[in-house]
Amino acid sequence: MKESKEKDNNICCLGIESTAHTFGCSIIQFDSIKKKGEILSEIRSTYKAPNGTGIHPREASRHHIDKAPNLLRDVLKKANIKTKEIDLISYSAGPGLGPCLRVGAVIARALSSFYNIPLIPVNHALGHIELGMMLTTCKDPLVLLVSGGHTMILAFSNKRWRVFGETLDITIGQLLDQIGRYIGFASPCGNRIEEYANQSSKQYFQLPYIVKGNDVSFSGILTATKKLIDNGYNKFDTCFSLQETAFAMLTEVIERALSFTEKKEVLIVGGVSANNRLSSMLKIASKRQNAKLYTCPFHYSGDNGAQIAWTGICDNVSSGKTIKVQDSFVKQSWRIDKVEVHWR
Ligand code: AMP
Ligand code: MG
């Protein structure tokens with residue numbers, strides 16, 4: 001619970017996430033003496049498309065508009081603070097779906113102007129990494145960011161996260177979700193693919209394995225897996241084969257990057273990091289390269305407001321940075337390697 005503002009050295013930040021299927025908000029309190037953050041509250045609601053279909057950006061944005069008022073009220077109630085006690089508002093400014101991003105930005109702007117609270121934009125991918133590092137306490141990891149919007153291998157150097165490898169076409173999350181939808185699940189459905197793979201007899205069907213340098217390509221696996229489904233192959237074994245192939249590709253590029261960078265830590269973040277098979281493969285590869293594997297705690301692996309609140313605090317505390325409401329744009333294709341991370 002936050003003490004009265006005069007007495008404490010805390011900064012309370014409200015983070016708003018709305019890049020895609022999830023509207024999330026969270027309040028994090030930063031102790032500026034101990035230099036530590038505490039998540040006071042975090043809640044979210046995820047838009048579920050009808051079975052077999054993908055996210056419709058307009059429908060997802062309508063979901064966010066519907067859910068936002070109650071979620072915002074509840075996040076304050078859970079943290080036991082009032083809106084005027086918030087010191088900073090951060091919002092996910094990209095990358096993401098335009099209509100969804102705009103909902104979060106409009107809410108952040110409105111609260112910022114009405115209550116006169118400083119505003120700060122956050123890069124969503126950076127949010128995944130910063131929260132993952134805060135929660136696992138790793139220091140200088142090679143990062144695998146695997147989510148609906150990203151498949152990237154990143155290493156920090158000279159104030160930026162540098163992309164060591166990435167997907168050349170669709171992301172791993174899109175691959176799993178598109179196959180899940182083809183089977184008939186509702187998106188996002190990587191967890192259902194994992195459940196099916198766990199029920200498999202472990203019969204492997206050959207799928208295209210495409211690694212180019214340190215980049216990966218998943219579109220060939222997508223087409224080939226759909227063909228297996230069309231031809232009536234066992235769905236459990238198909239999901240098993242899909243996971244084995246796609247995750248082996250990611251493991252190969254991580255192991256090569258580890259050998260090249262000689263990093264001693266690997267951090268997996270993003271919704272797909274919830275997958276146990278992926279982390280068990282990466283654990284073996286990391287051990288072989290004398291590195292330790294850290295996985296973002298399951299609850300915070302997918303999109304959430306805490307990643308935005310925490311990154312907003314890191315940015316603001318180190319530089320005093322805030323932006324004017326009229327400069328609070330959203331950027332649908334804002335790449336993480338364009339962001340200067342002056343606090344590392
Ligand atoms: P994010 O964009 O970070 O919220 O991550 C969402 C992605 O994570 C979606 O593509 C989900 O299908 C995927 N995901 C969630 N849980 C799992 C899981 N257990 N295994 C694989 N993918 C998952
Ligand atoms: Mg994400």
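**Exercise 1. Place ligand 1 in this predicted model and describe its surroundings.**

*Solution.* Start with the open space: ligand 1 takes up the largest pocket. Next, ask which elements give two or more residues to the shell around the ligand. These are helix H4 (172-183) and helix H5 (190-198). Then list the neighbours. There are 19 residues around ligand 1, and those that come nearest are Asp-177, Gly-190, Glu-194, Gly-271 and Asp-303. Finally, sort the shell by character: eleven of its residues are polar, five are nonpolar and three are charged.

**Exercise 2. Work out where ligand 1 lies relative to the two domains.**

*Solution.* Take the domain bounds first: domain 1 covers 10-129 + 302-338, and domain 2 covers 139-300. Now check the shell against them. Both domains give residues to the shell around ligand 1, so the ligand lies between them.

**Exercise 3. Find side-chain polar contacts of ligand 1, using a cut-off of 3.5 Å between N or O atoms, and then see how much of the ligand is covered.**

*Solution.* Go through the candidates one by one.

- Asn-275: an N or O atom of its side chain is 3.0 Å from a nitrogen atom of ligand 1.
- His-128: a polar atom of the side chain lies 3.4 Å from an oxygen atom of the ligand.
- Asp-303: here a polar side-chain atom and an oxygen atom of ligand 1 are 3.0 Å apart.

As a last step, turn to the area. On its own, ligand 1 has 500 Å² of accessible area, and the protein covers 91% of that.

**Exercise 4. Locate some unusual backbone geometry, and say where each case sits.**

*Solution.* Begin with the yardstick: most peptide bonds are trans, and most residues other than glycine have a negative phi.

Now look at the prolines. The bond from Gly-94 to Pro-95 is cis, with omega near -5 degrees; Pro-95 belongs to the loop between strand E4 (88-94) and helix H2 (98-115). Ser-187 and Pro-188 are also joined by a cis peptide bond, with omega about -5 degrees, and Pro-188 sits in the loop between H4 and H5.

Last comes phi. Glu-262 is not a glycine, yet its phi is positive, at about 55 degrees. You will find Glu-262 in the loop between helix H7 (235-261) and strand E11 (265-269).

Methods:
Residues are numbered from 1 along each chain as its sequence is written. Chains are lettered from A and ligands numbered from 1 in the order in which they are written. This is a predicted model: local features need pLDDT of at least 70, side-chain atom pairs count only at pLDDT 80 or more; totals for chains, interfaces and linings use all residues. Side-chain values use heavy atoms; hydrogens and water are left out. A residue is near a molecule or strand if one of its heavy atoms lies within 4 Å of it. A polar contact is a pair of N or O atoms within 3.5 Å; within protein, one must be able to donate a hydrogen and the other to accept it, and residues adjacent in sequence count only if both atoms are side-chain atoms. Accessible areas come from the Shrake-Rupley method with a 1.4 Å probe; for residues, only the protein chains shown count as cover. On a 1 Å grid over the protein atoms alone, a cavity is a set of points where a 1.4 Å probe fits but cannot get out, and a pocket is an open set with protein on both sides within 12 Å along at least five of seven lines; lining residues have an atom within 4 Å of a point. A molecule sits in a cavity or pocket if more than half of its atoms lie within 2 Å of its grid points. Helices (H or I, at least four residues) and strands (E, at least two) are DSSP runs, numbered from the N terminus. Ala, Val, Leu, Ile, Met, Phe, Trp, Tyr, Cys and Pro count as nonpolar, Asp, Glu, Lys and Arg as charged, and the others, Gly among them, as polar. Domain bounds come from an automatic or database domain assignment.
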